[in-house]
Amino acid sequence: MRVSQLFNKTLKEDPVEAEIISHSLLIRSGMIRKLAPGVFSYLPLGWRVLNKISNIIREEMNRAGCQELMMPIIQPKELWEQSGRWFVYGKELIRLKDRHDREYCLSPTHEEVITTLVKNEIKSYKDLPLNLYQIQNKYRDEVRPRFGLIRSREFLMKDGYSFNRNEESLNKTYEEMYDAYSRVFTRCGLNFRAVEADSGAIGGSSSHEFMVLADTGEASLTYCKSCDYAANMEMATHEKRHYDNGIENKLEKIITPDKKSIEEVSEFLNISPDLMLKTLVYKAIYENNEKLICIVVRGNREVNEIKLKNELKAIDISLADNEEVFKATKTPIGFIGPIGLENVEIFVDEEVMEVNNGATGALIEDYHYIGVNPKRDFPRDCIIGDFHNVDEFDLCPKCSGTLNFKRGTEVGQVFKLGKKYSEKLDCKFLDEKGENQHVTMGCYGIGVGRTMAASVEQNNDERGIIWPKAIAPYHVIIIPVNVKNQDIINIAEELYKNLLKEDIEVILDDTDERAGVKFANADLIGYPIKIVIGSKTLENKTVDFKIRATGEEVIVPLKEALGKIKRILL
Ligand code: ATP
Ligand code: MG
């Protein structure tokens, strides 16, 4: 390719809407352009990168025995009603009607379609296992599309689905997919962790997310510094500590005038914050109703809303407002507690049950209880579970090592779906005994565009993108510094032809821009190897050979350039 013919314009300024570096660099380097919020065109260089990632995914999927197919993006409402997700998916689902007023959605994912497709094709256990995938645009009307390709509304996804005869077979496929995913992200040059994850709205029993470590990541994760333990915050646990020493004081109600916050009360009562039993009211939202519930955690802990939401099996939960708190507890905020609380479900974090002689609100303005021993004093029908966030003072649940906390961007996820969709959509097969059984399913997604952006997020400097060679749009750029000098042009053209002959992905900057502009553009776009042909080439038959990733800059005899390129790209 020649730069003079390339459909590519670079920009000097950061676009105003870009909050993170990958968004800014992908726009500035002319890889993508926005059409509408969260909707982008991929220009030739960006499309090459995206296709390289897609091809790595294809190679690894095919190697793991998956088969590629392509399904429709437009999907009828009836299928989504059958799976029960027409409502659950809420506003993220883009819905539309045809001329006959029939309702459809633009696919955010394909469980409904593929399960229906497969159920009509398979007969017996001999047709299983099956592992099918596609690479295709997905549509999700995200509340806040942002960060460019990281959270967009139209985005390219690899989605795969496995159909297995039983749990054991699913486990095997799941492991193969887990390994294939690790190979994909390693080949894309990413620093990532596979973390235990919540299986979310898609449902199912077990899941891992592949997280690229990045300060700008939207997810929080923790991993052990000493072993392979890694989990999303909503799944993370820690080594259990035993607090209960069995010494129980008398329960007493005492006046705490105007002391509402944990700090105020703990200071006033001279009780450490971890013995304060914090009670919060949440509103849980369901398909047809909503309810208010209370949750108690130790004062030094934070509620993990996803753990709580899962226990509640709610579509969503949020902290109740003052009015709702009063409605549920008949008590102003600051003095709520579980003792004597009626007509509202109480969820209690497991660590609270270990407290001796704690303090909590007494359900009367300006009063708290002290000498609280939850095992003795809390209502019997409390629901106990792990509802708190892991914190820096916690230790690894596997090896007692120190935990590290990082932010990450999810680029892929593998789920064990079980029979959730096969039962709803009635996808069955005949087993060896001739009995009908629902298939056991798994599903496996990779955000192709998000992977591209995450790579830029990890690989950049003040001059621009530094593409890992596996996904760079071209591997080598040849820059003749002065195109008016025919000798320089001749050498550049010859080297260009020689590289093409060797199937090297090369681009020749044959424009009449100043050398400085050409260098800046090459660095912004992030080609791994830059070869500069200038007066030194004429004088000494050498070229300037620069490696973008390491900043290494060497002078190489012209005739050795090709050999060196081949060695680097190997
Ligand atoms: P998130 O939690 O970030 O919204 P998700 O868990 O809903 O993502 P999945 O349903 O697991 O996403 O989709 C598979 C992959 O698709 C994700 O791992 C991610 O890489 C990508 N993806 C999901 N939503 C988006 C989006 N809005 N823009 C770009 N990529 C996305
Ligand atoms: Mg996910």
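**Exercise 1. A pair of charges**

Asp426 has a relative accessible area of 39%: work out whether Asp426 is buried, partly exposed or exposed, and find its salt-bridge partner.

*Solution.*
1. Start with the cut-offs: buried means under 20% relative accessible area, exposed means over 50%, and partly exposed lies in between (1.4 Å probe, protein chains only). The areas come from the Shrake-Rupley method with a 1.4 Å probe, and for residues only the protein chains shown count as cover.
2. With its 39%, Asp426 is therefore partly exposed.
3. Its side chain meets that of Lys428 in a salt bridge of 3.4 Å, N to O. The term stands for a side-chain nitrogen of Lys or Arg within 4 Å of a carboxyl oxygen of Asp or Glu.
4. Lys428, at 31% relative accessibility, also counts as partly exposed.
5. Elsewhere, salt bridges that share partners link Glu19, Glu142, Arg144, Arg146, Arg151 and Glu218 into one network.

Before you go on, a word about the model: it is predicted, so local features need pLDDT of at least 70 and side-chain atom pairs count only at pLDDT 80 or more, while totals for chains, interfaces and linings use all residues. Residues are numbered from 1 along each chain as its sequence is written, chains are lettered from A and ligands numbered from 1 in the order in which they are written, and side-chain values use heavy atoms, leaving out hydrogens and water.

**Exercise 2. The whole chain**

How many helices and strands does the protein chain have, and what share of its residues is buried?

*Solution.*
1. Helices (H or I, at least four residues) and strands (E, at least two) are DSSP runs, numbered from the N terminus. The chain has 16 helices and 31 strands.
2. Of the 570 residues, 53% are buried.
3. For the overall span, follow the C-alpha trace along its principal axes: about 95 × 65 × 50 Å.

**Exercise 3. Ties between parts**

Which parts of the chain are tied together by Arg28 and Asp14, and which by Glu68 and Arg58?

*Solution.*
1. Recall the principle: side chains of opposite charge can pair when their charged atoms come close. A search of the whole structure finds 45 salt bridges.
2. One of them joins the side chains of Arg28 and Asp14 at 3.6 Å, N to O. Arg28 sits in helix α1 (residues 21–28) and Asp14 in the segment before α1, so the pair ties together parts 14 residues apart in sequence.
3. Check the surroundings of Arg28: with a relative accessible area of 16%, Arg28 is buried.
4. Glu68 and Arg58 also meet through their side chains in a salt bridge, at 2.7 Å, N to O. Glu68 belongs to strand β3 (residues 67–68) and Arg58 to helix α2 (residues 44–63), so this pair ties together parts ten residues apart in sequence.
5. Glu68 is partly exposed at 37%, and Arg58 is partly exposed at 24%.

**Exercise 4. The two sides of a helix**

In α7, which residues are buried, and which are exposed on the other side?

*Solution.*
1. Locate the helix: α7 covers residues 262–269, and Glu263 is found there.
2. Ile262, Val265, Ser266 and Leu269 of α7 are buried. They cover an arc of only 95° around the axis, which puts them on the same side of α7; the arc is that of the directions from the helix axis to the C-beta atoms.
3. The general rule helps here: an α-helix has 3.6 residues a turn, so residues three or four places apart point the same way.
4. Glu263 and Glu267 are exposed on the other side of α7. For Glu263 the relative accessible area is 56%.

**Exercise 5. Unusual backbone angles**

Find a cis peptide bond and say where Lys313 and Asn343, with their positive phi values, lie.

*Solution.*
1. The cis bond joins Leu128 and Pro129, with omega about -5°. Pro129 is in the loop between α5 (111–119) and β7.
2. Lys313 has a phi near 50°, a positive value in a residue other than glycine. Its place is the loop between α8 (305–312) and β16 (316–319), where Lys313 counts as exposed at 68% relative accessibility.
3. Asn343 is not a glycine either, yet its phi is positive at about 60°. This residue lies in the loop between α9 (322–329) and β17 (345–349) and is exposed at 82%.
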